[in-house]
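Here are my notes on the model you sent over. Have it open beside you while you go through the points.

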Amino acid sequence: MESQQIFSGFCPNSSLPSIPIGKKPFSLKFSLFSTFFSHPTYKPQNLQLQSVAFHPINIEHKVCYSSRNTICCSMNSTSEPNKEGFEVRDQITVRRKKLAVFVSGGGSNFRSIHEASLKESLHGDIVVLVTNKTDCGGAEYARNNGIPVILFPKNKDESDGLSPSDLVNTLRRFKVDFILLAGYLKLIPVELIRAYQRSIFNIHPSLLPAFGGKGYYGMKVHKAVIASGARFSGPTIHFVDENYDTGRILAQRVVPVLANDTAEELAARVLREEHRLYVEVVKAICEERVVWREDGVPLIRSKENPNDFS
């Protein structure tokens, strides 16, 4: 994929350490010219492991400074400690990300993410909303908060809807880094998947791969969970590919299914966790804490303890 502005976010004099794990050496590095990069910005760093099994890595991480527009972090080594006990080996400046959100309904997850952005609890801004229903609650909320609204796909009753190629070009003009689906019920076109590889995320109200796929959305999911006799459910956030709900799973949150639950009660319980989980994941995405295991499984590195992954 085309790689543009891939050096714009780095502090000068960057180098990444080799990291021993157990008896085998492992290396954490940026694959600057790999297919993990696509227009318009670079992607999260790639965690290269020498075996499929994941092992914790021994690195130190220290935030140097932060502002609304940038976060500057240091990758440190204890070989030659400075006055704070660390030697700075590498610095990475993380600029504030631009987000596009897709909705078809009320957009409660969209609102949660927008509110977190306004409170500065995540390092990104929603710059555009895409919807297939311009009169939905999410679109109304966007207009009331000064966020541009785009119609996609075209429909019979609207004259200003975009084609897939127009949508890609429009998102590029907004300089969108990541796309967040939040209750968007249309299949994402292949043109957009290819233009934003590993940069499109969706939240689904069940523990995928169970109760996912075409036709599984909204209350239909919760009714199916209860009818199955499953004892647990919960939201899943996954990368988006060319099919419904089949992309790589990035995060999940478990909630109980109670003996006498109605679909509405279960939906409310799952939705509360959706709001929390999506904000947490978007925060990690904007801070570039998503890493990839060699076998293609995405993981989130803890900000507080970089030795921990989820």
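1. The chain holds 6 helices and 17 strands, where helices (H or I, at least four residues) and strands (E, at least two) are DSSP runs numbered from the N terminus. Keep in mind that this is a predicted model: local features need pLDDT of at least 70, side-chain atom pairs count only at pLDDT 80 or more, and totals for chains, interfaces and linings use all residues. Residues are numbered from 1 along each chain as its sequence is written, and side-chain values use heavy atoms, with hydrogens and water left out.

2. Some overall figures. Of the 310 residues, 48% count as buried; buried means under 20% relative accessible area, exposed over 50%, and partly exposed in between (1.4 Å probe, protein chains only). The accessible surface comes to about 14900 Å², and 51% of that belongs to carbon and sulfur atoms; these areas come from the Shrake-Rupley method with a 1.4 Å probe, and for residues only the protein chains shown count as cover. Take the contacts (heavy atoms within 4.5 Å) between residues at least 6 apart in sequence: 62% of them join residues at least 24 apart.

3. Now the sheet. An open sheet of 7 strands runs in the order β9-β8-β7-β10-β11-β13-β14, with mixed pairing; two strands pair if DSSP finds at least two bridges between them. β9 (149-151) and β14 stand at the edges with a single partner strand each, so one side of each has no neighbour in the sheet. Neighbouring strands are turned by 25° against each other on average, direction ignored. At the β14 edge, β13 (residues 236-239) and β14 run antiparallel and are joined by 3 bridges, with H238 standing opposite I249 in β14.

4. Two helices to look at against that sheet. Helix α1 (residues 108-118) lies across β7, β8, β10 (178-181) and β11 (200-204), at about 155° to β8. Helix α2 (residues 137-144) lies across β7, β8 and β9, at about 135° to β8. For these angles, axes are lines fitted to C-alpha atoms, for helices over the stretch in contact, and angles run from 0 to 180 degrees between N-to-C directions.

5. How many salt bridges does a search of the whole structure find? There are 11, counting a side-chain nitrogen of Lys or Arg within 4 Å of a carboxyl oxygen of Asp or Glu. One of them joins D125 and R96, at 2.7 Å from N to O. D125 lies in strand β8 (residues 124-131) and R96 in the loop between β6 (87-95) and β7 (97-103), so the pair ties together parts 29 residues apart in sequence. R96 is buried, at 8% relative accessible area.

6. Another salt bridge joins E288 and K97, with the closest N and O atoms 2.9 Å apart. This pair links distant parts of the chain: E288 sits in the loop between α6 (263-286) and β16 (290-292), K97 in strand β7, 191 residues apart. Buried or exposed, what are E288 and K97? Both are buried. E288, which follows α6, also has a positive phi, near 60°.

7. Last, helix α6 itself. Its 24 residues should span 34 Å (1.5 Å times one less than the number of residues), and the end C-alpha atoms are 33 Å apart, which agrees. E280 in this helix forms a salt bridge with R253, the closest N and O atoms being 2.7 Å apart. R253 is in the loop between β14 (249-252) and β15 (255-256), 27 residues away in sequence from E280. E280 is partly exposed at 42%, and R253 is partly exposed at 23%. The two also belong to a network of salt bridges linking R253, E273, R276 and E280.
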